Each structure stands twice: as C-alpha cells, then as structure tokens.
Amino acid sequence: MFNLLQLFKSKSKFQKHSSNFYFSAAISTEDLKKLQNLNIKTIISCVPDSELSNNTFSEIHHKSNKYKLKSYHIPFSPGQMTQDHIDKAREITKNNSSPFLFYCRSGRRAEAIINKI
C-alpha cells in the first residue's frame with residue numbers, strides 16, 4: 001500500500017552524504033533548530049547572497065550562534081568552483097567539529113564541493 005507519510009519523510013531537506021557531511025538547498029533561520037537536533041556542528045554556505053532574497057549568510061551567521069553552530073561562507077556561482085574554494089572548505093573541515101552541513105540555492109554546488117574535499 002502506498003504510504004504518503006513515508007514519501008513525505010523521504011523528501012528531507014537535509015541529505016546525508018556521509019557520517020560527517022550533509023548538504024541541502026538554501027536554509028532559513030528557522031532551520032537552525034533542526035540542524036542542532038541533527039547534531040550538525042558547522043554550517044558552510046556556498047551561495048552568494050545575491051542569489052537569495054532573504055536568509056542571507058549574515059542572517060544565518062548571526063542566528064547560528066544561538067544554536068551553538070559555527071558558520072562559514074564560501075560563495076561561488078554555479079559552475080564556478082575553483083581550487084581556492086575547495087582549499088577553503090578543506091581548511092574549515094580540518095579546523096572545526098563535524099558533522100558539517102554545506103548548502104547552496106539548490107544543493108548541487110554543496111554536494112559538488114563535498115565530493116572534492
């Protein structure tokens with residue numbers, strides 16, 4: 001029998017890449033509590049603020065402290081990831097606690113940078 005609730009649950013915004021890495025589409029300040037409940041320790045935004053109409057990195061960064069989440073910004077446009085972006089992501093993951101959540105507008109850049117580090 002088709003279970004609509006199970007289908008809904010499988011569409012989680014936060015996709016697990018591995019035990020230490022999650023990725024997602026753009027998050028909101030309302031998502032920070034959910035991230036804390038997932039035991040996420042560090043958030044990395046890969047989306048330039050110019051792509052978002054609200055919940056810019058500065059808003060996320062400001063409110064993330066309330067939930068004891070560290071937050072970092074490595075913005076790049078689709079298809080524009082460079083070695084410098086990858087190196088910054090490696091440095092952040094080396095010097096901070098896991099699990100990590102990488103996010104961008106759709107989640108694709110976030111997953112792509114995880115695959116490079």
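Reader: How much surface does the protein chain expose, and what share do carbon and sulfur atoms supply?

Author: The protein chain exposes about 7,100 Å², and carbon and sulfur atoms supply 49% of it. Accessible areas come from the Shrake-Rupley method with a 1.4 Å probe; for residues, only the protein chains shown count as cover. Keep in mind that this is a predicted model: local features need pLDDT of at least 70, side-chain atom pairs count only at pLDDT 80 or more, and totals for chains, interfaces and linings use all residues. Residues are numbered from 1 along each chain as its sequence is written, and side-chain values use heavy atoms, with hydrogens and water left out.

Reader: Is Arg109 buried or exposed?

Author: Buried means under 20% relative accessible area, exposed over 50%, partly exposed in between (1.4 Å probe, protein chains only). Arg109 has a relative accessible area of 7%, so it is buried.

Reader: Which residues does Arg109 touch, leaving out those up to four places away in sequence?

Author: A contact means heavy atoms within 4.5 Å. On that basis Arg109 touches Cys46, Val47, Pro48, Glu51, Phe76, Ser77, Pro78 and Cys104. Pro78 is 31 residues from Arg109 along the chain, yet their C-alpha atoms are separated by 6.7 Å.

Reader: And Asn55, buried or exposed?

Author: Asn55 has 12% relative accessibility, so it counts as buried. Its side chain reaches the backbone nitrogen of Thr29 at 3.0 Å, a polar contact (N or O atoms within 3.5 Å; within protein, one must be able to donate a hydrogen and the other to accept it, and residues adjacent in sequence count only if both atoms are side-chain atoms).
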